[in-house]
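This report walks through a few local features of one chain, beginning with its ligand surroundings and ending with a strand and its partners. Please keep the sequence and the model at hand while reading.

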Amino acid sequence: MITVSNLTKNYGSKAAVKNINLAVKKGELFAYLGPNGSGKSTTIKMLMGLLEPTEGTVEISGEPMHLNNTELKRKISFVPDTPDIIGKLTGNEYLNFVASIYKMDKQIYKEKRDELVKMFELQNDLGTLVEEYSHGMRQKLVVIGSLMHSPEVIFLDEPNVGLDPKSNRKLKDYLTEYVKEGNTVFLTTHTLSLAEDIADRICIIYQGEIKALGTLQELREQAGSGKTLEDIFLMLTDGEDAHVQEHTES
Ligand SMILES: Nc1ncnc2c1ncn2[C@@H]1O[C@H](COP(=O)(O)OP(=O)(O)OP(=O)(O)O)[C@@H](O)[C@H]1O
């Protein structure tokens with residue numbers, strides 16, 4: 001569903017993402033992990049067609065992704081790492097706006113919005129200006145807006161930041177069910193337990209390069225007995241010899 005070939009991004013002389021190759025299958029929940037500044041957001045923005053790669057290509061569902069491919073962008077959705085929404089809109093106005101961009105059918109929009117708003121318990125806040133929302137409420141609103149049109153692929157950049165435990169659980173359950181229906185999820189997170197709980201495969205990057213890729217079990221087998229994902233993550237991202245085979249996928 002997502003095919004990434006030789007993906008590279010340089011900011012001036014700084015290489016943020018270095019020659020990444022990976023493939024995410026339809027129906028897969030893929031977790032992309034890495035320390036601060038390792039290139040996760042930069043990667044996700046290139047996959048989404050928000051940022052031009054310096055080199056390499058991205059295909060979604062067999063189609064090349066690029067900045068102006070609006071038809072392809074309609075099939076996907078993005079939860080950014082900061083829920084920046086125009087504060088002078090109410091929650092309802094924001095969701096109406098998102099629905100109009102995706103040209104959602106009115107009835108489907110109403111049903112999906114009501115389902116998600118109820119799920120995240122935001123029904124009493126939709127008439128309030130977003131500038132009066134807490135961080136967590138904004139995050140919920142962005143998540144609702146990104147799920148409403150039932151995208152085939154959802155990219156989520158640290159979606160759990162600011163969500164309370166109950167909302168986190170609901171989001172986890174929703175995403176797990178969502179991929180079972182044949183959709184695809186690509187998420188970044190610093191919450192390793194989230195990746196352990198829901199990811200089909202995990203990719204660890206460091207300084208813009210893939211250091212490991214596989215199921216949790218595969219990563220643990222490669223690392224040796226008794227190693228947790230946290231152990232593996234720390235070994236691979238502090239420059240020490242990790243005893244985990246570095247990933248090479250072509
Ligand atoms: N617009 C930009 N201009 C210059 N450098 C940038 C820009 N955006 C990101 N970088 C640099 O690229 C590298 C990767 O940043 P990126 O935001 O992709 O990391 P990240 O893994 O998402 O980090 P975090 O976990 O902190 O969100 C960092 O060194 C960062 O300083």
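## Terms and model

Helices (H or I, at least four residues) and strands (E, at least two) are DSSP runs, numbered from the N terminus. The structure shown is a predicted model.

## Around the ligand

The shell around the ligand is made up of Y11, K14, A16, G34, N36, G37, S38, G39, K40, S41, T42 and D81. Sorted by class, this shell holds seven polar residues, three charged residues and two nonpolar ones.

Two elements, β2 (14-24) and α1 (40-47), each contribute at least two residues to the shell. The largest share belongs to α1, which provides three residues.

## Two residues with positive phi

As a general rule, most residues other than glycine have a negative phi. Against that background, two loop positions deserve a look.

S61 sits in the loop that links β4 (55-60) with β5 (63-64), and its phi is near 55°, a positive value in a residue other than glycine. Is S61 buried or partly exposed? A residue counts as buried if 20 or more other C-beta atoms lie within 10 Å of its own, and as exposed if 12 or fewer do; because S61 has 15 other C-beta atoms within 10 Å, S61 is partly exposed.

E158 is located in the loop between β7 (153-157) and α6 (165-180), and the phi of E158, near 50°, is likewise a positive value in a residue other than glycine. E158 has 20 C-beta neighbours inside 10 Å, and therefore E158 counts as buried.

## Strand β7 and its partners

The strand β7 is mostly covered, since five of its five residues are buried. From β7, V153, F155 and D157 point one way, while I154 and L156 point the other way, and all of these residues are buried.

Which strands pair with β7? One of them is strand β6 (residues 76-79), which pairs with β7 in the parallel sense over four bridges; within this pairing, V79 has L156 of β7 as its bridge partner. Another is strand β8 (residues 184-188), which runs parallel to β7 and is joined to β7 by five bridges, with T188 in β8 serving as the bridge partner of D157. Between β7 and β8 the chain passes through α6, and this β-α-β crossover is right-handed.

Note on methods. Residues numbered from 1 in each chain as written. Predicted model: local features only at pLDDT ≥ 70, side-chain atom pairs only at ≥ 80, totals over all residues. Near = placed C-beta within 6 Å. Nonpolar A, V, L, I, M, F, W, Y, C, P; charged D, E, K, R; others polar. Pairing = 2+ DSSP bridges. Right-handed = clockwise from strand over helix to strand, strands pointing away.
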